[in-house]
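Hi everyone, thanks for making the time. Could you bring up the sequence and the structure on your screens, so we can walk through them together?

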Amino acid sequence: VGGGGAPRGGRGRRTGAAADEVGAFEAHTKGIGAKLLAKMGWRKGEGIGRGGGGIAKPIETHLRPKGMGLGAGGFDEQRGTPARKRVDGADDEAEGAEAGAAGVERAKPRGMWQQRAAPKRAKDVYKTAEEVLADAQQQGGTAGGAAAAPPGLKVIDMRGPSGPREVSDLEQLHLSKLRHEDVPMPELQHNVRLVVDVAESKIRELERARRKEEQAAAAYAAEAARAHDEREAADAEHSRAAALLAALDARERLVANAAGGHATDEARVAAVAKFFAALRTRFAGEFAAYDVARVAIADALAPAQRLMHGWAPLEDPARGAHAISALRRVLVQRSAARDDAIFFDEAGDSDGEPPRGSDAAYSALLEAAALPALRSAVTNPPPRGWDPRQPESLLVVLEAWRDALPAAALDELLTALVLPKLERELSAASAGAGGAQQQQPLHAWLHP
C-alpha cells in the first residue's frame, strides 16, 4: 500500500471516529498490515506515501450481487473516490510551499523504512608470527607469547610441513616458533620438500607413461609376430599349392610309367589310385581343400568304363573290384561303422541325404562303370540273372565288391532289388508253384 510516512507534530492526523475505523478489523487478526505500515513510518490517522500525501481513508467497496455482470444497472463496486488530501485539509503542494518559504527542511521521521547499504567487508590484514606475538605482548601477554588470540583474529600457522593449521592459542604459535627455530631454514626445507614431492609425482607419471608405452610396444610386437607367422603360413601354403599343381601337371606321365607301356585298363585304374594315394599322403590338407579327388575320378573314369564294359557279375564276380576298391580307399573317407555295415541305415546315413564332395564323385564313377551290370544281374531271371534258390552266386559278387560299394549302393541292391525278388520267390513257394522247392528247404536258399 505504499511506503513512507508524514512529519511528526500532528499535521495531517485524523481524529475521531474516522481514525478509529481504519484497521478496526485487525482486532480479530494478528495485525500484520498495521505492523508493516508502522515499521515504514506510518502513524494512525496520517495519509500514506513518502510525504503523507496519499489517501487517508480506505477505499470502500461493496459486493456485487451474485450473477450480475460488469456494468449492469449502473452498479459500481467503489462507493466513493478516496480523498488524496489529509483530513485537516492541508495538501502536499501547499505544505511543500510553506516549508520552502520558511526555509525549513522537513525532518525525516524516525523509524522510517529506508534501503540500507550493504556492510562493507573488512580488509584482510596479514601479519607474521613475530608481529602477532609482539602485538600480544604489548596488549599484556607474557614474554613467551602465551596469550589467547584476540576476538575476531584468525591465526593460521603456515610454517609446518603438513600444511596450514589454525591456532587458537598464541602459546601454540610460540612453541611452534621455538620448534622451527631449532631447524635451520625451515621455510627453505619445506619448499624443497614441496619441490621434491612435485618432482616425485612427475616421475611417477612418467613411469606410468613408460609402462603404458612398453605394453603398447609389446602388443605391437605380438601383432607383428602374428602377421609374420600368417605371412609365412601363406607363403608355405602357396609353395605347397604350387608343388601340388606341378605334380598334377605331371600325373599323366607318372601314371603311364606306373602302368607300363601296354597296360590294361585295370592296371591303369590301379596306377591312378596309387599316384593319388601318394599325393594325398604328401599334400593331405591341400588334397581335401582343393578337392583333388575329383581330378582322380576324372582320370579313372574312362579306363574304369572300358574295364567294366560287358561285365557279367555272376560269371566274373571279381572283375575290376580290386582296382576300384583301391581307388575308393584313396578318395573317400569312410568310418568303421560304414565299412562293417551291410544295410545303409547301419552306416549312419539314414537321413537320406545324397553324398557330397568326393563321395558324390566316386558314386558317379561307380554308377557309370559297375552298378548297371549289378542291377541287371539281380533283376534278370535265370539263367542270365540271379536265381534266389541259388544264393551263392550273388553272395560271391557282393563279397568281392564289399570294399568298393558305398553304403548307399549296397542298401539299394539289398532293399530295392534282392529283398523284393526273395519275397516274390517265397510267395511262389508258399503257393506250391514248381516242384524243386519240395526237395530244397526254404532256409537253405533264404537264410544266406
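I'll go from the whole chain to the helix pairs, then to the aromatic rings and some single residues.

Please keep in mind that this is a predicted model. The protein chain has 448 residues, and 29% of them count as buried. Its secondary structure comes to 18 helices and two strands. If you take the contacts with a separation of 6 or more, 67% of them are between residues 24 or more positions apart.

Let's move to helix packing. Two packed helices are described by the angle between their axes and the distance between the axes. Start with helix α6, residues 186-249, and helix α8, residues 265-282. Their axes are 12 Å apart, and the angle is about 175 degrees. Angles over 145 degrees count as roughly antiparallel, so that is the label for α6 and α8. On the α6 side you'll find R240, A243, L244, A247 and L248, and they meet F275, F276, L279 and R282 in α8. Sorted by class, this contact has seven nonpolar residues, two charged ones and no polar ones.

Now for α10 and α11. How do their axes cross? They cross at roughly 170 degrees and come within 11 Å, and α10 and α11 are therefore roughly antiparallel as well. From α10, the contact uses A293, A296, I297, A300 and M308, while α11 brings I324, L327 and L331. By class, there are eight nonpolar residues here, with no polar and no charged ones.

While we're on α11, have a look at R328, which sits in that helix, residues 321-331. Is R328 buried or exposed? R328 counts as buried, because its relative accessibility is 3%, and buried means under 20%. What does its side chain have for company? A polar atom of the R328 side chain lies 3.1 Å from the backbone oxygen of L405.

On to the aromatic rings. The count comes to two aromatic pairs. In one of them, the rings of F275 and F276 have their centres 5.1 Å apart. Their planes are at 85 degrees, so this pair is edge-to-face. Both F275 and F276 are buried, and you met them a moment ago in the α8 side of the contact with α6.

There is also the pair of W311 and W401, which is tilted, with 5.1 Å from centre to centre and 40 degrees between the planes. This pair links distant parts of the chain, 90 residues apart. W311 is in the loop between α10 and α11, and W401 is in the loop between α15 and α16. W311 counts as buried because its relative accessibility is 6%, and W401 is buried too, with a relative accessible area of 0%.

Let's go back to α10 for Q305, which has its place in that helix. Q305 is partly exposed, with a relative accessible area of 37%. Which residues does Q305 contact, leaving aside its neighbours within four places in sequence? They are A368 and A369. The C-alpha atoms of Q305 and L365 are 8.4 Å apart in space, with their positions 60 residues apart in sequence.

Finally, some backbone details. Most residues other than glycine have a negative phi, and most peptide bonds are trans. D291 is not a glycine, yet it has a positive phi of about 55 degrees. You'll find D291 in the loop between α9 and α10, and it counts as partly exposed because its relative accessibility is 25%.

The other backbone item is a cis peptide bond that joins P382 and P383, with omega at about 15 degrees. P383 lies in the loop between α14 and α15, and G385 lies in the loop between α14 and α15 as well. G385 is buried, with a relative accessible area of 6%. Its contacts, leaving aside neighbours within four places in sequence, are L314, A377 and N380. Of these, L314 is 71 residues away along the chain, with the two C-alpha atoms separated by 7.7 Å.

That's my tour, and I'm happy to go back to any part of it.

Definitions and conventions
Residues are numbered from 1 along each chain as its sequence is written. This is a predicted model: local features need pLDDT of at least 70, side-chain atom pairs count only at pLDDT 80 or more; totals for chains, interfaces and linings use all residues. Side-chain values use heavy atoms; hydrogens and water are left out. Helices (H or I, at least four residues) and strands (E, at least two) are DSSP runs, numbered from the N terminus. Buried means under 20% relative accessible area, exposed over 50%, partly exposed in between (1.4 Å probe, protein chains only). A polar contact is a pair of N or O atoms within 3.5 Å; within protein, one must be able to donate a hydrogen and the other to accept it, and residues adjacent in sequence count only if both atoms are side-chain atoms. Rings of Phe, Tyr and Trp (its six-membered ring) pair if their centres lie within 6.5 Å; planes under 30 degrees apart count as stacked, over 60 as edge-to-face and the rest as tilted. Axes are lines fitted to C-alpha atoms, for helices over the stretch in contact, and angles run from 0 to 180 degrees between N-to-C directions. Angles under 35 degrees count as roughly parallel, over 145 as roughly antiparallel, 65 to 115 as roughly perpendicular and the rest as oblique. Contact means heavy atoms within 4.5 Å. Ala, Val, Leu, Ile, Met, Phe, Trp, Tyr, Cys and Pro count as nonpolar, Asp, Glu, Lys and Arg as charged, and the others, Gly among them, as polar.
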